[in-house]
Amino acid sequence: MRGYYIAGNWKMHKTVGEAVDLAGELVKRLARSGHRVMIAPPFTSLQAVGEKVRGTNILLGAQNMASAELGAHTGQISCLMLKDVGVSVVILGHSECRLLDGETNALINAKVKLALLHGLEVILCVGETLAEREAGLVEKIVVEQVEEGLRGVAPDRVGTVTIAYEPVWAIGTGKNATPQDAEAVHAVIRSTVARLYGAKAGEEMLIQYGGSVKPDNAAGLMAMKNIDGALVGGAALSADSFCAIVEFDAYQRAAG
Ligand code: PGA
């Protein structure tokens, strides 16, 4: 039984005060959640949010990190600094970093290995653009991103990696993949991990879906065999919608 893992990526939203308020609300409302929960506020709020979630069932995540440990890297944040403020998970390879900041598979792979070396868990994001989908390249792109993202990751470390499948055309657009479309790609990702690391690692790998996940579509996605959670952007910015996604099973029962 893999269990569910719901993560909130707050992107470039919230002042420190707003972030602390939202985190405090989530701590109260999700205290009894049976699912794994992570929130990734912007760097400026990590320390304050870290103090709020310390000792609770909510994990603190960062949205990215540098590929170097320390040194002359203006504007970058090191994994050591993240650990210092209580971060235990880092999101790497988000499509906004790939597309807007030019992050390559090789750079993302360097970050994945560095994060794992320092004991951070990783959420490795993969996903195709609309043009790639229309050109029939979904599988090729996603398999390549998984293979290259995990290149050189030791078998005893891969268990602390979660993969998030986020079709780029579904992020922040309100268009989400149907559960069946997402499931098909998740199955490909799982078999890729099994090919690289063996059947057990493939079976145990948590694979989140991301891209316009909302309270109303979460349960349908989570019902799929190979979908083990969600990486949530816009709907993670309010306690009501994020809690409804984390508690997707109760939300669906209440909605009838
Ligand atoms: P969205 O973002 O839920 O706003 O589509 C998801 C993500 O980018 O992680």
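Author: Contact here means heavy atoms within 4.5 Å. The model is predicted: local features need pLDDT of at least 70, side-chain atom pairs count only at pLDDT 80 or more, and totals for chains, interfaces and linings use all residues. Residues are numbered from 1 along each chain as its sequence is written, and side-chain values use heavy atoms, with hydrogens and water left out.

Reader: Which elements do the buried residues of α1 pack against?

Author: Helices (H or I, at least four residues) and strands (E, at least two) are DSSP runs numbered from the N terminus. In α1, A19, V20, L22, A23, G24, L26 and V27 are buried (under 20% relative accessible area, 1.4 Å probe, protein chains only). These residues pack against two strands and two helices: β2 (36-40), β3 (58-62), α2 (43-53) and α11 (239-246).

Reader: What distance does α1 reach from its first C-alpha to its last?

Author: Helix α1 covers residues 16-29, 14 residues in total. Its expected span (1.5 Å times one less than its number of residues) is 20 Å. The reach is close to that value, at 20 Å.

Reader: How many residues surround the ligand?

Author: A residue counts if one of its heavy atoms lies within 4 Å of the ligand. K11, H94, E166, G172 and S212 are the closest. By class, the shell has 4 nonpolar (Ala, Val, Leu, Ile, Met, Phe, Trp, Tyr, Cys, Pro), 2 charged (Asp, Glu, Lys, Arg) and 7 polar residues (the others, Gly among them). The number surrounding the ligand is 13.

Reader: What share of the ligand's exposed area does the protein bury?

Author: Backbone N or O atoms come to 2.6 Å from a ligand oxygen at G172 and to 2.9 Å at G233. At S212, a polar backbone atom is 2.7 Å from an oxygen atom of the ligand. Taken alone, the ligand exposes 280 Å² (Shrake-Rupley method, 1.4 Å probe), and the share buried by the protein is 97%.

Reader: With which residue's side chain does the side chain of H94 make a polar contact?

Author: H94 sits in the loop between β4 (89-92) and α4 (95-99). H94 counts as buried because its relative accessible area is 4%. Leaving aside neighbours within four places in sequence, H94 touches N9, K11, C125, E166 and I171. The polar contact (N or O atoms within 3.5 Å, one able to donate a hydrogen and the other to accept it) spans 3.3 Å, and the partner is E166.

Reader: Is A255 buried or exposed?

Author: A255 is in helix α12 (residues 248-255). Its relative accessible area is 64%, and the cut-off for exposed is over 50%, so A255 is exposed.
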